[in-house]
Amino acid sequence: MLSRYIWLLGLWVTPLSFANDIAPRPPNIAVYLGEAQYESHLGHLLTAITRLKTLSHLDPSKVSPAHDAQSSQITVIDFIAADIELSYRLPERAERILKSSTVIEGAPLTAQNNLAYRLARYYLNNGAPKKALHAINKITGMVPDKIHTDEMLLRAQIYMANGRFDDAVAVLQGVQADPNPDGFAAYNLGIALYQSGKTAQGLAQIDKTGQLTSADEEILALKDKANLLLGYRLLENGQPQSAKLYLDRVRLSGPFSNKALLGAGWVNASLGTYERALVPWTLLMKRHVTDENVQESFLAVPYAYGKLGLYGKAIQLYDNALQNFDLELAMLDRSIKNIRAGKYIQAIASDEFKHNKDWLVKLRGLPEAPETYYLLYLMSTSEFQAALNNYLDLNQLMERLTTWRADIESWQELVDLRRNYYEPLLPRIDAQFEPLMVRNAISQQQRRKVDDSLNNMLLSPQPDLLATPGERNLKRSLVENLRVFEKTHAGDTREEARQIRLRSKRLIGLMQWQIEAPYAQRLELFKGQLGELAKYEESLADIYDAFFMQRKIAAQSYQGYADPLSQLKTRVQDAQGKVTTLMARQAHLLEEMTIAELGLRRKRLEEYQLQIIFAQAEIHDLARKKQGARPGKQ
């Protein structure tokens, strides 16, 4: 029973929250903007964009991008919105701000430079070096300290991407002048010098990068990359002994170790020391077979044994390579089949891995999921990353739309509950309250008359109005008796008649004196009683107003919602349809990109198999020749 009353109380109290929405009030833009910034700091960029969309509806003049960038008004709100949108890979607003020639009131120059820096980095990462160059050139004056060095490195990278290597060298030399130069600056300087035609200086600079000492994993990886680049360049130029020095610097646990091991083997092979070449190649063979360098080692090891004259061992290893490649081809075929079946997209969109920062690494190790086997290698391309991020964004948007649709349906259900509760109840309440409304109207009308009388008495005393009923009745009786006597004895001049008239007038005068004498006290008492009555009337008016407001709120808690909620639901359903179509297209794009990459890998493995067949045939010929030559030697 208690729960029933609590539920009924909830139905009655809940509409009070709608009362705040009845009265129009100016929107608090700072609240929506603060929510957007808060969600952005939490990494909930889609929610932040949604808050900004709400803000644009509240104040389109400040938030909605204008078509004419030169004449549009840029505000601090635009800066905040551009920053959030750029994090969500929406560069249009940031680009519009930087194109505007108007003075941006309230925004410091460092904020503009920071926005230009982020936009330039976005365009460079997305394969638009010309746009990146245009954005980086918008940076003027002071640059925020936290991005000063990064801005110079980015500018150099943009120059290099646009073929302006001399400009990149000038910028990077400025970075090198820093007391603690960045390893990336040293490496990029070497590349820029090399590309600008200063080959010797460039290689010398890259060599310096290859000798850096640091505990930073990124710097160590860059050091490995520099040594690998130098080692392979010398190997290709026929200088294997010099190449060995650089390849030996590469860590065996780094990201470039596989390629370094392969190169080290070829260095020894070039020097004719095939026994030494077998050491790095054999180590490489034990690593993950999906790596191209590992796959090449499956050909290199038997090749070395063949050069050493161990033809049987070479044939055996070639057979093992064919078996491994057959397994990999079968894995690739399964991957392509599973991708066609949609399992690849299901794995990518899995919540279990999306919320883990290492989810891409974990995807590769999923059991019974060959469709994710080569994902790490596909992620090396910016095109795949962009396509993947777009799909994940669409997937997140679909989840949000699904939630919104459920929320709208919950609102519709709540409105229906209120309608079912109030519609049968309100007519009965109105019927009971109607007599009170009539009495209230009559009371107000009477009160207005009394107020008028009081105002008249204050202007012109009227004692008779404050006489008691007994006094008014007695006076009225005396006056009436005198009038009747005068009418019936109009011509009576006797002394007795005269005494009667005189005594009647005296009684009337006495009565009038009794009425007028306490007039002042009665007037004050009357005014006090009117004041007390006014309090009760105000209380009654408050009760009436409260009922009227609650009656209005109760009606408005379920009236007028059906059409807006239905329209919102239709809009969400339409959006879901569009997002579903876009997700299907994006999923197809991801699948085709992945299948194309797997097709290239499949083709490479088939080429390796063909090479193995020819190599086996050659080794068989060499073995037969060796066996045929033995009798002659005897």
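Axes are lines fitted to C-alpha atoms, for helices over the stretch in contact, and angles run from 0 to 180 degrees between N-to-C directions. The model is predicted: local features need pLDDT of at least 70, side-chain atom pairs count only at pLDDT 80 or more, and totals for chains, interfaces and linings use all residues. Residues are numbered from 1 along each chain as its sequence is written, and side-chain values use heavy atoms, with hydrogens and water left out.

**Exercise 1.** Describe how helix 13 and helix 14 pack.

Solution. Helices here are DSSP runs (H or I, at least four residues; strands are E, at least two), numbered from the N terminus. Helix 13 covers residues 199-209 and helix 14 residues 217-236. Their axes come within 8 Å and cross at roughly 135 degrees. Angles under 35 degrees count as roughly parallel, over 145 as roughly antiparallel, 65 to 115 as roughly perpendicular and the rest as oblique. Helix 13 and helix 14 are therefore oblique to each other. The crossing of helix 13 past helix 14 is left-handed (the near helix is turned anticlockwise from the far one by less than a right angle; clockwise would be right-handed).

Next come the residues in contact (heavy atoms within 4.5 Å). Helix 13 supplies Thr199, Leu203, Ile206, Asp207 and Thr209, which meet Leu222, Lys223, Ala226, Leu229, Leu230 and Arg233 of helix 14. By class, six of these residues are nonpolar, two polar and three charged (Ala, Val, Leu, Ile, Met, Phe, Trp, Tyr, Cys and Pro count as nonpolar, Asp, Glu, Lys and Arg as charged, and the others, Gly among them, as polar).

**Exercise 2.** Apply the steps to helix 6 and helix 7, then examine Arg89 in the loop between them.

Solution. Helix 6 (residues 76-87) and helix 7 (residues 92-99) pack at an angle of about 135 degrees, with axes 7 Å apart. Helix 6 and helix 7 are therefore oblique to each other, and helix 6 passes helix 7 in a left-handed crossing. On helix 6, the contact is made by Asp78, Phe79, Ala81, Ala82 and Glu85; on helix 7, by Arg93, Ala94, Arg96 and Ile97. This contact holds five nonpolar, no polar and four charged residues.

Turn now to the loop. Most residues other than glycine have a negative phi. Arg89 has a positive phi, near 65 degrees. The relative accessible area of Arg89 is 27%, which makes Arg89 partly exposed (buried means under 20%, exposed over 50%, partly exposed in between; 1.4 Å probe, protein chains only).

**Exercise 3.** Is Ile139 buried or exposed, and which residues does Ile139 touch?

Solution. Ile139 is found in the loop between helix 9 (129-136) and helix 10 (148-161). Its relative accessible area is 10%, so Ile139 is buried. Not counting residues up to four places away in sequence, Ile139 touches Asn113, Ala116, Tyr117, Glu151 and Arg155. The C-alpha atoms of Ile139 and Ala116 are 6.2 Å apart, with the two positions 23 residues apart along the chain.

**Exercise 4.** Place Thr50 and Ala615 in their helices.

Solution. Thr50 belongs to helix 4 (residues 45-58) and is buried at 19% relative accessible area. Not counting residues up to four places away in sequence, Thr50 touches Arg400 and Trp404. Ala615 belongs to helix 28 (residues 562-633) and counts as buried at 15%. The C-alpha atoms of Ala615 and Ala314, 301 residues apart along the chain, are separated by 9.4 Å.
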